[in-house]
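I'm opening a fresh notebook page for this chain. My plan is to look things up one by one and jot down what turns up.

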Amino acid sequence: MPHFVDTSVAGSCIFCKLVNGEIPSAKVYEDELTLAFMDLGQVNPGHVLVATKRHAANIFEITDAESAAVMQTARKVALAAKLAFEPAGLTLLQANGAEGGQTVAHFHLHVVPRHAGDGLTFTWPRKEPGSAMLEGYALQLRNAMHAQAASAA
Ligand SMILES: [Zn+2]
């Protein structure tokens with residue numbers, strides 16, 4: 001994970017300043033809801049961040065329209081990166097909260113072209129709790145979705 005951590009208050013964060021043009025960025029693409037720009041760290045050439053233009057801290061604060069727009073922009077960037085840098089693979093990474101690995105509290109998605117041995121690694125501890133636990137987790141999530149839909153109605 002990157003070492004840079006932005007602790008600015010919401011609305012005056014580094015990505016809001018990028019969106020507003022108050023600080024420079026190497027822009028790749030923008031539309032009504034999203035801005036795509038080069039990540040300063042560049043895990044590999046073509047590493048781009050897709051951020052919402054509106055300040056929203058994380059996935060819990062973006063709208064359905066913003067979430068769709070972010071993925072559409074990410075796909076445009078991914079297709080361009082495939083042509084421009086010919087990566088062997090490509091990883092999308094989106095982090096929420098400090099424990100989720102988020103370092104700038106303004107919603108963004110990493111588009112990372114990948115190459116063999118590029119040093120980006122994930123540890124993915126499989127816990128395999130078994131089918132009864134999986135059914136229980138699925139039930140908890142379905143119940144939460146019903147509760148959310150009921151509260152939104
Ligand atoms: Zn912001």
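**Notes on the sheet, the helices and the core**

I began in the middle of the sheet, where Ala-36 stands opposite Val-50 in strand 3. A reminder to myself: this is a predicted model.

Next I looked up how strand 2 and strand 3 are joined. They run antiparallel, with five bridges between them. Another of the pairs I noted is Met-38, whose bridge partner in strand 3 is Val-48.

Then I turned to the other neighbour of strand 2. Strand 1 pairs with strand 2 in the antiparallel sense, over three bridges. I found Lys-27 there, with Phe-37 in strand 2 as its bridge partner. The two strands make a hairpin, and three residues sit between them.

In what order do the strands of the open sheet come? I read it off as 1-2-3-5-4, five strands with antiparallel pairing. Strand 1 (27–30) and strand 4 (89–93) are at the edges with a single partner strand each, so each has one side without a neighbour in the sheet. I also looked up the turn between neighbouring strands: on average it is 20°, direction ignored.

What packs on this sheet? Helix 2 does, and I listed its contacts as strand 1, strand 2, strand 3, strand 4 and strand 5. The direction of helix 2 makes about 20° with that of strand 5.

I wanted to know how covered strand 2 is. Four of its five residues are buried, so I wrote it down as mostly covered.

**The core**

Which residues touch the most other members of the largest nonpolar core? My list reads Ala-36, Val-48, Val-50, Ala-51, Ala-74, Val-77 and Val-111, out of 18 residues in that core. Then I checked which elements give two or more residues to the core: helix 1 (14–19), strand 2 (34–38), strand 3 (48–52), helix 2 (64–85) and strand 5 (108–114). Helix 2 gives the most, with five residues.

I picked Val-48 for a look at its surroundings. Leaving out residues up to four places away in sequence, Val-48 touches Val-28, Ala-36, Phe-37, Met-38, Asp-39, Val-77 and Val-111.

**Helix 3**

Is helix 3 mostly covered or in the open? None of its 22 residues is buried, so helix 3 lies largely in the open. I also looked up its reach. Helix 3 (residues 131–152) spans 31 Å from its first C-alpha to its last, close to the 32 Å expected at 1.5 Å a residue.

**The whole chain**

Stepping back, I counted three helices and five strands in the chain. Along the sequence they follow the pattern α-β-β-β-α-β-β-α. The C-alpha atoms fill a box of roughly 50 × 40 × 30 Å along the principal axes.

How much of the chain is buried? I got 18% of the 153 residues. For contacts with a separation of 6 or more, 61% come from residues 24 or more positions apart.

Last, I checked the record. An unreviewed UniProt entry carries the annotation "domain: HIT" for residues 14–121. Over that stretch, I noted 26% helix and 24% strand, with the end C-alpha atoms 26 Å apart.

Terms used
Residues numbered from 1 in each chain as written. Predicted model: local features only at pLDDT ≥ 70, side-chain atom pairs only at ≥ 80, totals over all residues. UniProt positions renumbered as here; feature names shortened; annotations may be inferred. Expected span 1.5 Å × (residues − 1). Buried ≥ 20, exposed ≤ 12 C-beta atoms within 10 Å, placed from the backbone. Core = buried A, V, L, I, M, F, W, Y, C linked by C-beta atoms within 7 Å. Contact = placed C-beta atoms within 7 Å. Pairing = 2+ DSSP bridges. Axes fitted to C-alpha atoms, helices over the stretch in contact; angles between N-to-C directions.
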